[in-house]
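Me: Please examine the model shown below. A series of questions on its fold follows.

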Amino acid sequence: MSAIDEIVLSPDPRLKEQCARIEEIDGSVRRLAKRMLRDMYAAEGCGLAAPQVGELVQMVVIDVDYAGEDGHKNPYVLINPEIVEASEETRPFNEGCLSFPGILVEIERPRRVVVQAENLDGDLMQYEAADNLLAVCLQHEIDHLSGTTMVDHLSPMKRVEALASYQDALESGARPGETDHD
Ligand SMILES: [Zn+2]
């Protein structure tokens, strides 16, 4: 099984679950982080949440700087992340998701967020992002930990449309990381 085959695709019920807090950062947590980073880079995604590899725990990995094989890697591992501040002002962004290959959907989210999370050393870290891919990615990935996916932010009509395009993309063989499948 390749790294990409490990990615859980919608409508898998594991994408709808509340994930458990990680109480202790042990070897299995470090191995999970490594596996998630491997899968994220293999699919050329900018973020991945633990339920997307079938593990219902509160961990996400993000790298918004990596751009293909020659890219410089700058991975973040966020354990038990929490959004502690979000702006009232929102901003639309075309989002993709490794669990919804083949589609991009425009989602409106707060333009600025502050996130607190532990890193793999157990240190409490704070991340602040505004008007950029990191701001979107943090919110998108943290959503996954409470069973929320990007299509849940759409109006009922737009959701039906997005799910129909997703179905078409899957039927024509779209794979995680592909967002422009015809
Ligand atoms: Zn996603």
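Me: What pattern does the chain follow, read along the sequence?
Reply: This is a predicted model, in which local features need pLDDT of at least 70, side-chain atom pairs count only at pLDDT 80 or more, and totals for chains, interfaces and linings use all residues. Residues are numbered from 1 along each chain as its sequence is written. The secondary structure comes to three helices and seven strands, where helices (H or I, at least four residues) and strands (E, at least two) are DSSP runs numbered from the N terminus. Read along the sequence, the pattern is α-β-β-β-β-β-β-β-α-α.

Me: What is the radius of gyration of the chain?
Reply: The radius is taken over C-alpha atoms, and the globule rule is 2.2 Å times the number of residues to the power 0.38. For 182 residues that rule gives 16 Å, and the chain is close to it, so it is as compact as a globular protein of that length. The radius of gyration of the chain is 16 Å.

Me: In what order do the five strands of the open sheet stand?
Reply: Strands pair if DSSP finds at least two bridges between them, and the pairing in this sheet is antiparallel. β1 and β7 (124-130) stand at the edges with a single partner strand each, so one side of each is left without a neighbour in the sheet. The order is β1-β2-β3-β6-β7.

Me: Which residue of β7 is the bridge partner of Glu118?
Reply: β6 pairs with β3 in the antiparallel sense over five bridges, and Ile79 stands opposite Glu118. Seven bridges join β6 to β7, also antiparallel, and Gln116 stands opposite Gln126 there. In β7, the partner of Glu118 is Leu124.

Me: Which side chains of β6 point to one face and are buried?
Reply: In a regular strand the side chains alternate between the two faces of the sheet. A residue is buried if 20 or more other C-beta atoms lie within 10 Å of its own, exposed if 12 or fewer, and partly exposed in between, with C-beta atoms placed from the backbone. Arg112, Val114, Gln116 and Glu118 point to the other face and are not buried. The buried side chains are those of Val113, Val115 and Ala117.

Me: Against which strands do the buried residues of α1 pack?
Reply: At 1.5 Å a residue, the 16 residues of α1 should span 22 Å, and its end C-alpha atoms are 22 Å apart, which agrees; the expected span is 1.5 Å times one less than the number of residues. Its buried residues are Ala33, Met36, Leu37, Asp39, Met40 and Tyr41. Contact requires C-beta atoms, placed from the backbone, within 7 Å. These buried residues pack against β1, β2 and β3.

Me: Which helix gives the most to the largest nonpolar core?
Reply: A nonpolar core is a set of buried Ala, Val, Leu, Ile, Met, Phe, Trp, Tyr and Cys residues joined through C-beta atoms within 7 Å. The largest has 43 residues, and those with the most contacts inside it are Met36, Val60, Val61, Ile62, Leu78 and Leu138. Elements that each supply at least two residues include α1 (27-42), β2 (59-62), β3 (76-86) and α2 (133-144). With six residues, the one that gives the most is α2.

Me: With which residues is Leu138 in contact, leaving aside its neighbours within four places in sequence?
Reply: Leu138 is among the residues with the most contacts inside the largest nonpolar core. Leaving aside those sequence neighbours, its contacts are Ile62, Val113, Val115, Tyr127 and Ala129.

Notes: Contact = placed C-beta atoms within 7 Å.
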